[in-house]
Amino acid sequence: MKKWIVLSVATFALSFVATLAIRLGPELMRPKQVDPAFRIPSPLDLASIPTATHFDFPLGNENGAMAYNAQHFTENKHLGDDLNGIGGENSDLGDPIYAIADGRVLLARDGGAGWGNIVILLHAYLENGERKYVQSYYGHVQDMLVHPGETVKRGQQIATVGTANGRYFAHLHFEMRDFITPFIGPGYRQDTRGWLDPTKFIEAHR
Ligand SMILES: [Zn+2]
């Protein structure tokens, strides 16, 4: 009789622990460190981003003069514009790249072999009285002159034009996105949801 009680208590305890493990397992096993690429800036961070009043072009002068677009948004499934100095080839190597608007540095780091260094800024702006966010993305840069978390001003030099470590003729791969996570991305894709036509956006927000 005593043995039977001990056995049933043990069985109950075991199934209780097993149920708990099954229920809580996924939560306990969830990685504590979320890759920064998927981390949403906290609401406080978002609120502290200065409101951009207007947007300029990132290369040449603020009107985009002295630079041309060698591969437009959606051309060959391109997710951005490839901006070049008008001298062609590597004549723009080391040229200054400017923040297109006031904002916050989301990311500034090596993006891997196809990318070289990348800088991503997050901008807040008002549209029809609503506070919105837009991202500007500067790829293949040579020198990064800003750090994540830093606030930048429109026209501030943030980087120099590079070649992705000799992979391409010097140019700026420039994207604009309407999401806020610092996702490095593929550069080319058929589905452009989340990506904006950079030239159109800037021209509409000068
Ligand atoms: Zn490109």
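**View A. Trp195 is buried in this predicted model****.** The relative accessible area of W195 is 7%. F183, by comparison, has a relative accessibility of 27% and counts as partly exposed. Aromatic pairs number nine in total. In one of these pairs, F55 and Y125 meet edge-to-face, with ring centres 5.9 Å apart and planes at 90°. F55 belongs to the loop between β1 (51-52) and β2 (67-71), whereas Y125 belongs to strand β6 (residues 117-127); the pair therefore ties together parts that lie 70 residues apart in sequence. Each of these two rings belongs to a buried residue: F55 has a relative accessible area of 1%, and Y125 has one of 8%. For F183 and W195, the ring centres are 6.5 Å apart and the planes stand at 75°, so this pair is also edge-to-face. F183 is located in the loop between β10 (172-177) and β11 (195-196) and W195 in strand β11, so the contact ties together parts that are twelve residues apart in sequence.

**View B. F55, Y125 and F201 make up one aromatic cluster****.** Within this cluster, the F55 and Y125 rings have the edge-to-face arrangement. The cluster thus includes a residue from the loop between β1 and β2, F55, and a residue from strand β6, Y125.

**View C. The zinc ion is held by three protein donors, H78 (NE2), D82 (OD) and H173 (ND1)****.** These donors lie 2.0 to 2.2 Å from the zinc ion. Along the chain, the donors follow the spacing H-x3-D-x90-H. D82, in strand β3 (residues 81-85), and H173, in strand β10, are 91 residues apart, and the pair links distant parts of the chain. D82 is buried at 9% relative accessibility, and H173 is buried with a relative accessible area of 2%.

**View D. Strand β3 pairs with β2 and with β10****.** The strands β2 and β3 run antiparallel and are joined by four bridges. Strands β3 and β10 likewise run antiparallel, joined by three bridges. D82 of β3 stands opposite Q71, and in β10 the bridge partner of D82 is H173. The zinc donors D82 and H173 are thereby also partners across the two strands. Five of the five residues of β3 are buried, so the strand is largely enclosed by the rest of the structure. Both faces are covered, with D81, L83 and G85 buried on one side and D82 and N84 buried on the other.

**View E. Six residues form a nonpolar patch on the surface****.** The patch is made up of F12, F16, V17, L20, L24 and L28, and together these residues have about 640 Å² of accessible area. One of them, V17, lies in helix α1. V17 is exposed, with a relative accessible area of 52%.

**View F. F38 is exposed, with a relative accessible area of 56%****.** F38 is placed in the loop between α1 (2-29) and α2 (43-47). The C-alpha atom of F38 is separated by 5.7 Å from that of T181, although the two residues are 143 residues apart along the chain.

Methods:
Residues numbered from 1 in each chain as written. Predicted model: local features only at pLDDT ≥ 70, side-chain atom pairs only at ≥ 80, totals over all residues. Heavy atoms only, no water. Phe/Tyr/Trp six-rings, centres within 6.5 Å; stacked < 30°, edge-to-face > 60°. Buried < 20%, exposed > 50% of the residue type's maximum accessible area, 1.4 Å probe, protein only. Patch = residues over 30% accessible without salt bridge, like charges linked within 9 Å, V, L, I, M, F, W, Y side chains within 5 Å. Areas by Shrake-Rupley, 256 points an atom, 1.4 Å probe, with all protein chains shown as cover. Salt bridge = Lys/Arg side-chain N within 4 Å of Asp/Glu carboxyl O. Donors = N, O, S within 2.8 Å, 3.2 Å for Na, K, Ca; no water. Pairing = 2+ DSSP bridges.
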